[in-house]
Amino acid sequence: MENKKKKNKYSVKQRLLSSNLTFTIVSVIIGLIIGAIVLLIAGFNPITAYSIIINGIFSRTKYISYMIIYATPLIITGLSVTFAFRTGLFNIGAEGQYIVGALVATIVGYFLELPIGLHAIVVFLAAIIAAAVWGGIAGFLKAKFGVHEVIATIMLNWIALYFSNYMVMKPFLRRPESDSSYEILDTASITILEDWKYTDAGREWLSQHPYIKDFLATPANLGFVIAILLAVLVWYILNKTTLGYELRAVGYNKHAAEYGGIKVKKSIITSMMIAGGLAGSAGALQVMGVTKGISVLPGMEGYGFDGIAVALIGGTTAFGNIFAGLLFGGLKYGGPKIQPPLGAPSEVVNIVIGTIVFFIAVPKFMRMIFNINTRKRGEKNAR
Amino acid sequence: MSNIDFNHKVVEMKDITKKFGNFTANDHINLTVHKGEVHALLGENGAGKTTLMNVLYGLYHPTSGDIYIRGEKTNINDPNVAIKKGIGMVHQHFMLVEPFTVAENIILGMETTKGVTIDMQKAIADVKELSEKYGLYVDPDAKIQDISVGMQQRVEILKALYRGAEILILDEPTAVLTPQEIEDLMGIISNLTEEGKTIIIITHKLKEIKMIADYCTIIRRGKHIDTVKVSETSEDDLASKMVGREVSFKVDKEHKEKGETTLKIENLVVKDNRGINAVDGLSLEIHAGEILGLAGVDGNGQSELIDALNGLRQVESGKVYMNGKDMTNKSTKEILNSKISIIPEDRQRRGLVLDFTVAENMVLENYHKKPFAKRGILSYENIEKFAKDLIKKFDVRPENEKIKARSLSGGNQQKVIIAREVTNDPDLLIAAQPTRGLDVGAIEYVHKSLIEQRDKGKAVFLVSLELDEVINVADRIAVIYEGKIVGIINAKDADEKTLGLMMAGGGTDGK
Amino acid sequence: MLDDLGFLIGTTLMYAAPLIFTALGGVISEKSGVVNIGLEGMMTMGAFTGAAVGYFTGNPWIAFIAAGLAAGVFGLLHAIASVTFHADQVVSGIAINFLGPGVALFISRLFFNGSTMTKSLDFEAKMPRPLNGVFESNSFLDLIFNHYATVYLAFILVFIMWFILYKTKLGLRIRAVGEHPAAADTLGVSVVKIRYLAVVLSGVFAGFGGAAMSIAVVSNFRPTLISGQGFIALAAVIFGKWKPQGAMWACLLFGAAQGLTVYLGGSNIINISSQILAMLPYALTLVILTGFVGRATAPAASGQPYEKGER
């Protein structure tokens, strides 16, 4: 027992020192430095700007609440990308799967009448199933026709977007005189204490607890808790189940997996379905907790694409996604706050994120910088 | 008949040594080739022939030794230098752009232009002229993807000639050709030497050497064994020089009576990736308590046979019975569940998931069975305990089940596979080239494991390209040639000469 | 009716032009073996630069060139990552898709008073219409042939690209590098140089495509202006089977889908949803990929970093 513990500790330490995490941290630092340089060139004080962002995220519980709300869908789409990535697939399609999830959640949340709680669960599951099918299409196309999943999912994203727009504008779903759908029923909501917040008792209690009041002054919802549960689930499936074993084996080496009796094509479809379901759940949670419905989208909202960045920054590990999602969510929420006082463009956030991803893409460059003579092995991405 | 000009030594390789880490691929090899000569490099797989030629072509840099081209000491550090010096190489795996035409492939990098455009007319005319001069008939307008392998090889030769090659290295040029194409190639080689070209041909097929080569240099285990005049040497002599008289690995094993038939293969036909019958009506029986060795030169259908037995390749016709049960075209899972274990040919591609831990690799076929998993949930505790036991028992180093398989040495990787397969308690153990790339100690270990299985009364099917190995380890030896068994002999009656001849398709005439 | 047809053809051509430029960028990059899903980001950068430089200089041609150069810088970034550092080309492309719009909007806010929309171009600063006045205004021929210069340029560029790729030494080498880099390398063709050239050019073309949108089709830049056109161009590359002329036809088809949307928006003849039309290019591309409509094959080495090294 004693011995085992020691060994585990050793392996954790080893992982901390492993090149991936180091590269990620260095990439984040480089991203922030480039952001600072850009701000400096544009004539702003980067220290002031960054401190405004940090204050804008942490100085009030309301801000923290918002950061969490911003982070929640990104963590989950990140998990979707991570799951696919760990099984050898690149899911660029989280965006479309998210849209499908949000659409189905809205429809089921609006039309179906069920008791509180149960309704939310049904909405959540319906969205996941729909999005899993959507993701599964890409898996099927790859398994059956050899269509590269990157291209297939890009196409499916746009099809999902326009399909969702089409559905929103249908009379049965469209809230008259608007570009939005009807809102879901309250029974499907997962916003925390949504009604109670505005009752007399609620108001009174909250006025005595200012921090909680502040925290709940947002559409704070159960999404974040579910995101963490999903992260645990993803970790568990990947690492503790025979399914995860099969999917990872196919991702790492499909020839050996085949030799071990694992069905490669089935695994590819399963993997894309799970990834799709995850991204769809992000869409459902956003509808149930924050937006309550969907609108016509002029373009991509970016939850899926941001999820790719989150997954990459999170080192494509389940728990890394939580941290990367919070980082990204914080930057997305806090970033725009530099605009009013400084007049500094909030898009510096995109530049920071883009830079981080760029440097994560070039581990070889990092290795050159560090001059680390690690084992000669191509950290080939899974594809 | 001979076109050799003995006054001109075009290639002299002196004392060439090439080491990869601790492994010496070439050990002070000397090679002299005259103008107009066809010089064969003969040796078993892994003897160091291709390494030597890669040194000559500038793909590898020799650890020590000098190269003289036309008497001039030359430092060939890049294929471009080799090309400038008039050396051309036709690799075993062709370097051709599939959707391009023949002419486009030939002129690539040395395009003929007219103004800003490529002068395709001139290119085609040049190609035609070259091909007529040497009898290398090709259609300059045909796309590579549409022409046969033999044609593709001609394109490779033309590519070299177009660049003014005087010395042509052909690496196993007949490995991928049909008998008719081989005959054509022999004609082409004669034409080339008549025009004063020099040919170095890497091969281990004796017949071809007798047919075409003037001189033959034999390499064994990286060492220069002999250079002989082919016309004065018999196939028998070449064979024995190739495989060596002295037996390097003596394996202790007691005689054992063979038992019931375990695996029965009847008239098996399996196609390769190109759709050609690689296994072509093969029949074989393997008995309990014996090691049946399958000897043969690479590319005679061994890989396809193993894939078919593994359920990874479709059987076109014929039958496979395991313990009397029809296993033809069953799924891999069913096959693995019918007491067959396979040590795959390519351990890194098929045998291991390199990014999995050693423990995870130990259960690659059984991860879903108790005690490793229950209702879809893995028990890492049991998997790791199991792995730990095996690591101890099979002496895998380092003794850590949690590290990735990638970080193990080749020998230890193979131990992981053997441990896994043997522990499955199979009735039939198929070992495909189980010692490839291993060092002496590891080889001994693998051999011991196989014999242990036999002594337990299991059937063992050893497929190997190493003749020594087959002779020493197996009880009976079947020789495969062009997808058929051309003969079966008892190992104790076997001698390298006979086997070498059979493997090279010599002496037996196919039947 | 004839005028309706003329209008439809005219709008098709107008909307196809930006796609054609960008798709040609995709073609040349993929032909050399580098996947470029960063086209969207590069196109956005080009659209912004074109509109901004056009606004400040008043010269559409300077604006157009500047757009190409600005997006070319992102092409260079992509080349550095994917050619020199053997990066995963998809990940690098994703980074470009963050960086392109990020940089564009950032600079926009700096120069346009905190706005992510550039100010409208004056008439003189817009792309000229060389054939304006040749035909009777709003006549059938006028609707078809009277266009911004970028439309003619797009088609000329298709021809030039076809000529380069299939008739010249450079083109042969680009295609060889994309199909079998090792073969090209053993014949002394520099894989690195060719790929750098192709990827930088793909950025330049995507930049032209963006400008063809922001200084011709419309007269300013706004964040939703490009929104997906880079990806449509990517779809066109595949749909057109990685050939310049094929990509052109695909862009025309996709442009027609957009043209039809505009046309039907102005009339009530058929009640076909614009959203369904917008979906069409992507759905068709998926069908193409399954191989039902003739097998489309990407350059064999596309997406794979080329590492020399000892074999």
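Long-range pairs dominate the contact map of chain A: of its contacts with a separation of 6 or more, 78% join residues 24 or more positions apart. Two residues are in contact here if their C-beta atoms, placed from the backbone, lie within 7 Å. The model is a predicted one, in which local features need pLDDT of at least 70, side-chain atom pairs count only at pLDDT 80 or more, and totals for chains, interfaces and linings use all residues. Residues are numbered from 1 along each chain as its sequence is written, while chains are lettered from A and ligands numbered from 1 in the order in which they are written.

Chain A contains 18 helices and zero strands. Helices (H or I, at least four residues) and strands (E, at least two) are DSSP runs, numbered from the N terminus. The radius of gyration of chain A is 22 Å, which agrees with the value near 21 Å for a compact globule of 383 residues. This radius is taken over C-alpha atoms, and the globule rule is 2.2 Å times the number of residues to the power 0.38. The C-alpha trace of chain A spans about 65 × 50 × 50 Å along its principal axes. Of the 383 residues in chain A, 56% are buried. A residue is buried if 20 or more other C-beta atoms lie within 10 Å of its own, exposed if 12 or fewer, and partly exposed in between, with C-beta atoms placed from the backbone.

Chain A and chain C each give 40 residues to their contact. On the side of chain C, the elements with two or more residues are helix H4 (89–111), helix H10 (229–239) and helix H12 (274–289). H4(C) supplies the largest share, 15 residues. By class, this side of chain C has 25 nonpolar, 13 polar and two charged residues. Ala, Val, Leu, Ile, Met, Phe, Trp, Tyr, Cys and Pro count as nonpolar, Asp, Glu, Lys and Arg as charged, and the others, Gly among them, as polar.

Chain B shows backbone exceptions. Most residues other than glycine have a negative phi, and most peptide bonds are trans. The bond from B:Lys370 to B:Pro371 is cis, with omega near 0°. B:Pro371 lies in the loop between helix H12 (358–362) and strand E19 (373–374) of chain B. B:Arg397 and B:Pro398 are also joined by a cis bond, with omega about -5°.

B:Asp15, in strand E1 (residues 5–20) of chain B, has a positive phi of about 55°. B:Asp15 is partly exposed because it has 14 C-beta neighbours inside 10 Å. B:Arg375 has a positive phi near 50°. With 7 other C-beta atoms within 10 Å, B:Arg375 is exposed.
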